[in-house]
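Colleague: Hey, got a minute to walk me through this one? I'd like to start with the basics.

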Amino acid sequence: MARNVTIEMDEDFLADLRKVFGVQTDEEAVKEAAMRLAKYVRRQDFIDDIRSGRITLQYDLPNEHGQGSSAA
């Protein structure tokens, strides 16, 4: 679902965003910045969950028969 939002931003800051992201419009620059920030926060939350033990990354290595250690 798309939503329009009106914000006031410094023109020099918007110009910097357009340059950094290689886009032509303010809208593209702000969208890219918001999406990258959201992805960054999600990655950081995932890393924090791993470090705290809330998420564990375990896997079975195949044995000589090509099966994981939990296979019968």
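Modeller: Sure, a definition to begin with: helices (H or I, at least four residues) and strands (E, at least two) are DSSP runs, numbered from the N terminus. Also, this is a predicted model, where local features need pLDDT of at least 70 and side-chain atom pairs count only at pLDDT 80 or more, while totals for chains, interfaces and linings use all residues. Residues are numbered from 1 along each chain as its sequence is written, and side-chain values use heavy atoms, with hydrogens and water left out.

Colleague: How many helices and strands does the chain have?

Modeller: There are 2 helices and 0 strands. Helix α1 covers 11-21, and α2 takes in residues 26-52.

Colleague: What span should α2 have, and how far apart are its end C-alpha atoms?

Modeller: The expected span is 1.5 Å times one less than the number of residues. For the 27 residues of α2 that gives 39 Å, and its end C-alpha atoms are 39 Å apart, so the two agree. After α2 comes G53, with a positive phi near 90°.

Colleague: Switching topic, how many salt bridges are there?

Modeller: A search of the whole structure turns up 4. A salt bridge here is a side-chain nitrogen of Lys or Arg within 4 Å of a carboxyl oxygen of Asp or Glu. One of them joins E27 and K31, at 3.2 Å from N to O.

Colleague: Why can E27 and K31 be separated by about one helical turn?

Modeller: Because they sit 4 residues apart in helix α2. An α-helix has 3.6 residues a turn, so residues three or four places apart point the same way.

Colleague: And which residue does R18 pair with?

Modeller: R18 bridges to D26, with the closest N and O atoms 2.3 Å apart. R54 also meets D49, at 2.7 Å from N to O.

Colleague: Are R54 and D49 buried or exposed?

Modeller: Buried means under 20% relative accessible area, exposed over 50%, and partly exposed in between (1.4 Å probe, protein chains only). R54 is at 60%, so it counts as exposed, while D49 is partly exposed at 23%. R18 is partly exposed at 22%, and so is D26 at 30%.

Colleague: What share of the chain's residues count as buried?

Modeller: Of its 72 residues, 6%.

Colleague: Which residues form the nonpolar patch on the surface?

Modeller: L37, Y40 and V41, with about 290 Å² of accessible area together. Those areas come from the Shrake-Rupley method with a 1.4 Å probe, and for residues only the protein chains shown count as cover. Patch residues have over 30% relative accessible area and no salt bridge; like charges are joined within 9 Å, nonpolar side chains (Val, Leu, Ile, Met, Phe, Trp, Tyr) within 5 Å. V41 belongs to α2 and is partly exposed at 38%.
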